[in-house]
Amino acid sequence: MTTAEERTDGLERAFGPLDDPANPFGTEALLAADAAGEVLSEAEQVLDRAQFNAEFVPADVGGRLERMDELGRVLRPVFRRDASLGFGYGLNCFFATTPVWTAGDAVQRKHAARLLLGGQRVAVARHEVAHGNDFVRDEFTARTVPGGLVVDGSKSAIANASRATGLVLFARMRDAARGRSHSVLFLDREDLPADRVEDLGRRATTGMRSAEFGGLRITDCTVPLSTVLGEVGDGYELSLRSSLLIRGLIPSIVLAGAETALRTVARFAHRTRADGRSSLDVQHVRDVLTGSFLDLLLIDCLALVATRALHLLPRQMSAYAAAAAYLAPKLVAESMDEMATVLGEETFTQDGAYGMFQKQRRDLPVTSLGHAGSAGRQVSILPQLPYFARHSWFTEAEPPPGLFRPHEPLPPLDLSRPALLGDGDPLAATLVACTGLLEAAHGPGAQEPGGPALRHLARALTGELADLKKAFEQVRPGDRDALSSPRSFGLADRYTLVLAGAAALGVWREQRHAPEDHADPFLAAPAWATAVLYRLVRGSDCRCPTARRMRTPRPRRGPGPAAPPPRLRPLPLAARLNRPRTRPLLRLRPRPADRPGHPASGPTGSRPLQDQPPRTHDDFALAHREWLCERLAHYLGRAVQAGDSLAEEGLDSVAALSLYGDIEEEFGPLIEPDDIWAYPTAGQLAHFLALREANQGEGPVRAAFVFTGQGSQHPGMTSGLYLDSTGYRAFLDEADAAIMPWTKQSVVELILADDPAVHRTALTQPALFAVGYALARTLEQAGVRPVAVLGHGIGEFAAATVAGAFTLADAAKLVAMRGAFMQYLPPGGGMMALCITPYEATELVAAEPAVGISAINAAKAVVLSGDRAALERIETRLSERGLRCRHLAVSHAFHSPLMAPVVPKFEAVVRRMPGGAAKVPFYSTVYGRLATEPLYAPYWTEQITAPVRFADAARSLLAQQAPTHVVEIGPRAVLTPYLRRMGGGPRGPVCLPVCQGPAGDAVDLAGVISALDAGPLSAALSGA
């Protein structure tokens, strides 16, 4: 039998280089198949010849599966190219047959092996819990009859549904005892009556578009008891045991796609322009590439530990597999977001290498099994941590060194041994031991194996483990409420990072002592381990492009206490893995002294308006064209005309970012870096700059709609307008009718009654949505069509509906369910407004695990959200510095880690909604930019806990759309002051609210319509 290494190399050779245009399995062929939603049959033939399915069949029944770490490595050449191919051809078959290998009898195991080794497929229809990522309204049921079971039901999303011969079904047993509600059946489709099995057709997916996800219906089909895997009622236990095998492979397969993405971006950054420069001359680009590479190293360490622990630590591996499968996809997703900023406009390319980057990015959520998998992994980890805290941490012995040695032999794979709950945590002991090693080697004249930086960082992780021990020792055994709290989920997130650091230290230490023929000089050196740990310990600052890097404190010299060790960022996954996905505002280099003929800059970097003579728009545009063409000629090394295409002339990310720095220095903060890519010629960009700088108000009105969020509500809001305006009344009634089936209470009656219940979240969010929708439709009826929309928090739902991404009915259901889920969270959260910068806020929340940044409304307007007691501690620290805080009147800590329990419930609802792309430019306060991607379920689930990046989104809208008017749509003015300041005051667009507050009526609305030069005014007034 060939070795796994030989089989891996053979697949690489058979598939050939991705970037070869002549390769039938290269980038162009894979992208074409993905666009068509078809399997690349030639690539499947390569896997057929390699007998790839044998990798998923245990050796004792004729396959090659002997070591899980080798399986992970063999999968990588396939997933490096196409996740659809790797998942659809074989890995899904492994997921399906895992219950067979785990609990099947000899006959069932041999039958599954015969199917796979014969080139056939096996599909699995899993039961989904309430927060699952499948179509949860569907399921299979089974009832006992003499001699067998009768199976009935359907599932809408089964991978390889129509291609599979074997079927593994998780079926709910009717009238089963509690805890024994599901059984697992292994069926051969050829043995089932044809009239009892029906294919329901294929379902479109955003990621892995070439893989088939179809539906299956089975109608009253009798099957023998011999099809049951294990015993009747074993379904839940089998599902959990199967996950132990599956989770260990997740890091390997997401790592493969991330490697392709990194290679793509690295090649792009290495391209040399005519002037000899490249994107690598930019510090930000180097930081992103380095950080992404470090993430790959860390994920590789997790993959190694998770797979080898199945052999070496079967009684303890449960937490390691769950942590690795939880953390790896999140690290990859964040790295891909950062790499997208390097590609710039190429991020949206649909073909070639950059199209492959987009494909890998789309495939990731499907490959990693989405949020449902993520939530399940957290739930697997949490119950084990109190036991570890009391009995394992700082007392247990280390694991065998072979856990970190990829070339060392392993015991045979015994799938009956893995335990669902671990009886210890030896990997944490590796962290403690490595810290002790580094500390023991420190001292006068000592030769430290890792240097002071690695020792300092290992000490920080060990300190974090000590904090986790203290926290979980306080959780009483069996206290489910404590374990299900947002704080516990945050602590579990921190634990996954501690394990990741321990895995990296273990690999580094064992490489230092590895035999020469197996030693890797790179891995034996401390540099990579130091960098990886620094990225973990200072993750939220190092990884977030909108936050400055925090330096490791230096030890004090002389008398006095030593500097404290660095601390792991509290709630790192909320702070760093749900970070805003915005392109940073980069200043590449300082501008030289002002050129002759240009007036000195004012304090904001823009030229004083009063010092300039009146100029027409044509004068402004001509001046900007001349200036832009001169700067472009400098960067491109040749003359540039106003009509030349900037991309065709060779403008790349380096030159574009340099040009952005020049524009900001010359004219002030008029634009964002993305704006340069939005205008293809120098003339068009000059015209845009002229609009932004001159803003003479000539030409047609260009109005942007900005929808307020929670906090703007008040009893009786817009009641006067409802009574006076026929148009508004009709639209509010329309929204009310859409909401009523879900709230069982009329929004209109709530408003007209001046009911203070409007402050209850379950009613606040639907009411604000209805008001925002009705106001916007009233303006549209009067002739005001938005050029762009933006929403703050819950306001994004009204914005998305007006933009055409949702129907009114779908949006009404979502906001009603969202508000209800949030209403019934436990109390104890609060929100606090601060007049500080986001950077200062990042430092404040570092010491408070239960607090996060909820909103960034302006350069010095930040809202923190989380546990009330923690907010009060932050307030005390700020008061000592003379800074005041304002507590907001809210029932819950919105857009904070405390919202995490809502996410799985809401995701189960929103995944059933079609969603779609906005037909009007939609500026996302989750991303802080124009949303170029469709607004599907992942966006709306992320929105619940993500900070509201209002300032970034508003600046992008103002810069890119150059509106003449910005209309705040909501029951009272909340955002207008911020918009006026960001818009440049008198020189910027006119910013006005539709409603001034409780006294607002149709007269105010008529004034707004008049200011927008729309009509007739009768649209705002009663006509009945």
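pLDDT is the predictor's confidence in each residue, on a scale from 0 to 100. Keep that in mind as you explore, since this is a predicted model.

**Stop 1: confidence.** Colour the protein chain by pLDDT. The mean is 80, and 82% of the residues reach 70 or more. Now select residues 129–137, where the pLDDT is below 50; beyond near neighbours in sequence, this stretch has 26 contacts in the model. Then select residues 539–620. Here too pLDDT stays under 50, and the model has 197 contacts beyond four places in sequence for this stretch.

**Stop 2: the largest core.** Which residues have the most contacts inside the largest nonpolar core? Select Phe94, Trp101, Trp393, Phe472, Tyr495 and Trp528 to see them; the core as a whole has 149 residues. Next, pick out helix α9 (residues 317–343), which gives the most to this core, with 17 residues. Go back to Phe94 and show what surrounds this residue. Leaving aside neighbours within four places in sequence, Phe94 is in contact with Phe56, Leu65, Met68, Leu71, Trp101, Leu245 and Leu249.

**Stop 3: a second core.** A separate core of 115 residues comes next, and Leu763, Val862, Phe894 and Phe922 are among its members. Hold on to Val862, as you will meet this residue again at the next stop.

**Stop 4: a four-strand sheet.** Show the strands β11, β12, β10 and β13, which in that order form an open sheet with antiparallel pairing. Why is one side of β11 (851–858) and of β13 (885–887) left without a neighbour in the sheet? Both strands stand at the edges and have a single partner strand each, so nothing in the sheet lines their other side. Neighbouring strands here are turned by 25 degrees against each other on average, direction ignored.

Zoom in on β10 (residues 829–834) and β12 (residues 861–867), an antiparallel pair joined over six bridges. In this pair, Leu834 stands opposite Val862 of β12. Now add helix α32 (residues 868–880): this helix lies across β10, β11, β12 and β13, and runs at about 135 degrees to β12.

**Stop 5: a six-strand sheet.** Finally, select the open sheet with the order β15-β14-β9-β8-β16-β17, in which the pairing is mixed. At its edges stand β15 (929–930) and β17 (990–993), each with a single partner strand. For a parallel pair, look at β8 (residues 703–707) and β16 (residues 965–969), which share five bridges; Ala703 stands opposite His965 in β16. Last, bring in helix α29 (residues 795–802), which lies across β8, β9 (786–791) and β14 (922–924) and runs at about 155 degrees to β9.

Methods. Residues numbered from 1 in each chain as written. Predicted model: local features only at pLDDT ≥ 70, side-chain atom pairs only at ≥ 80, totals over all residues. Heavy atoms only, no water. Pairing = 2+ DSSP bridges. Helix = DSSP H or I, 4+ residues; strand = E, 2+ residues; numbered from the N terminus. Axes fitted to C-alpha atoms, helices over the stretch in contact; angles between N-to-C directions. Contact = heavy atoms within 4.5 Å. Core = buried A, V, L, I, M, F, W, Y, C linked by side-chain atoms within 4.5 Å. Buried < 20%, exposed > 50% of the residue type's maximum accessible area, 1.4 Å probe, protein only.
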